[in-house]
Amino acid sequence: MIQSAWCLSFLALSLLLAVHVFHYDAVAFDSLDPTGNITIKWDVMQWTGDGYQATVTLYNWQLYRHIDSPGWVLGWTWAKKEIIWNMVGAQATDQGDCSKVTGGTIPHSCAPSPQIVDLLPGVPYSQQTANCCRGGVLSAFAQDPSNSVALFIIIVGRSGNTNTSVVLPKNFTLAGPGPGYTCSAATKVPKTRFLSPDRRRTTLALMTWNLTCIYSQTQAQKAPSCCVSFSAFYNSTIVPCPKCACDCPTNGTNVALADTTNQLCIDRNDPHPVLPTSKNTGIVAPDMLYCTQDMCPVKIHWHVKVNYQEYWRVKLTITNRDLSRNFSLWNMVAQHPNFGNFTEAFSFSYKPLNPYGPSSNNSALFWGVKYYNDMLMQGGPDGNVQSEILFRKDSLFTLASGWAFPHRILFNGDECVLPEPDQYPSLPSGTIVPRVGILVLLVVVIFALAALL
């Protein structure tokens, strides 16, 4: 009996620890986008005198995570002593040491570990390919699939020019534009089949390999970058973002450099703050925002606005508090059980997310209307976008116990911090029973069973 009780107690503690570790450390898996990744494919199209010409394609299969300016950076390490003779649609950031290369032609790059970036818009047509030259910006697949692909051509030398002599590059990296992506090793796959423009002939690549890169929010940033506040028409209380949700402001100074989130905190009451001088710390373009209790660059407010007989309405406000940057191609994901009866978004574009089929329609993707509010401007009077969304009621509808508020909110693919459930606006005529966390409840139940044995 004692041994059984000890085993059950150990099991409870193990489950508690496992769920805790999964929640904070295994964020690479996203239940709303379980197959999201960036796939990079190399197609060798022809052999050259000492190497090959390949078409490299980046496919962003992530539903709602895009790569914003200054764009993607793709890197790898050559397996031998390969060089890049030329590139079209992209360029290496460093030429490297080409002094040992003989002949009249100077290679594009001799670096053993080249870093490749997209070209900027407006380059000469002779340097362009299809799906290139957008400054490294890759749209999310669900938001804009036509711009979720990037492509460039690379001519490689000193690699061998047969299927058996070519050795795949290794140690692939992808910055989008900062850290967060982990790439697999390159693997040979069946050769890509190409269809001619008249769709009457197919050709095969001479050799094909690909790899996948997965995003992890915990690797990309040490702390969250957005938070959520709540309010409702039936309660005058506005539930703010949790204190220190993204960071804590430093007391005693007008300007403080946060250690965890690469942010500058500026005193709102100081019209001429003295910014710290730049130091060689490796920190590039820190976020600059007014000091707040949550220190989040982006705040999303969910307001339950109206309760009709058959419908209910919510007002969404997304505020950029970052004074140093704007967000192009922004998007927001919300998870709520009533999205299966979603009716209309008045000022945002909308798309349902059904990663597990129609029965799982409890989440939605929102983004701005092109040329209207698809750019979330930097902090200030114009640094916000708003829309109202309408739901049709179903049998589960209730205003009690915080049901009208979302379970999850993500901005640009990153999880936002929500208020604690016991702080949600409550109905004036009733009380909300304090909610017990599921993990605590699990431990209590198992220990109770152990005591009976």
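Two strands are taken as paired if DSSP finds at least two bridges between them. With that criterion in mind, the tour of this predicted model begins at a pair of strands.

**Stop 1: a strand pair.** Select strand E23 (342-345) and strand E27 (residues 384-392). The two pair in the antiparallel sense, over three bridges. To find one position in this pairing, display Phe342, whose bridge partner in E27 is Phe391.

**Stop 2: the whole sheet.** Extend the selection to the open sheet of six strands, which runs in the order E15-E14-E19-E20-E27-E23 with mixed pairing. Strand E15 (235-239) and strand E23 stand at the edges; each has a single partner strand, so one side of each is left without a neighbour in the sheet. Viewed across the sheet, neighbouring strands are turned by 20° against each other on average, direction ignored.

**Stop 3: Ser229.** Within the sheet, move to strand E14 and centre on Ser229. Is this residue buried or exposed? Ser229 has a relative accessible area of 3% and is therefore buried. Its side chain makes a polar contact of 2.6 Å with the side chain of His301. Beyond its neighbours within four places in sequence, the residues in contact with Ser229 include Val239, Pro240, Cys241, Lys299 and Trp302.

**Stop 4: the cores.** Next, select Trp302, Ile318, Phe366 and Phe411, which touch the most other members of the largest nonpolar core, a set of 38 residues. Strands that each supply at least two residues of this core include E14 (226-232), E19 (298-307), E20 (311-320), E23 and E27; strand E22 (331-335), strand E25 (363-368) and strand E28 (408-411) do so as well. Apart from this core lies another, of 35 residues; Ile38, Tyr52, Leu138 and Val156 are among them. In soluble globular proteins, nonpolar side chains tend to be buried together.

**Stop 5: cis peptide bonds.** Select Ser69 and Pro70: the peptide bond from one to the other is cis, with omega near 10°. Pro70 lies in the loop between strand E2 (51-60) and strand E3 (73-77). Then go to Gly176 and Pro177, which are also joined by a cis peptide bond, with omega about -15°. The loop that holds Pro177 runs between strand E8 (170-175) and strand E9 (181-183).

**Stop 6: positive phi.** Two residues other than glycine close the tour. Cys133, in the loop between strand E6 (115-118) and strand E7 (149-157), has phi near 65° and is buried at 8% relative accessible area. Asn171, in strand E8, has a phi of about 55°, and at 54% relative accessibility it counts as exposed.

Note on methods
Residues numbered from 1 in each chain as written. Predicted model: local features only at pLDDT ≥ 70, side-chain atom pairs only at ≥ 80, totals over all residues. Heavy atoms only, no water. Helix = DSSP H or I, 4+ residues; strand = E, 2+ residues; numbered from the N terminus. Axes fitted to C-alpha atoms, helices over the stretch in contact; angles between N-to-C directions. Core = buried A, V, L, I, M, F, W, Y, C linked by side-chain atoms within 4.5 Å. Buried < 20%, exposed > 50% of the residue type's maximum accessible area, 1.4 Å probe, protein only. Polar contact = N/O pair within 3.5 Å; in protein donor to acceptor, adjacent residues only side chain to side chain. Contact = heavy atoms within 4.5 Å.
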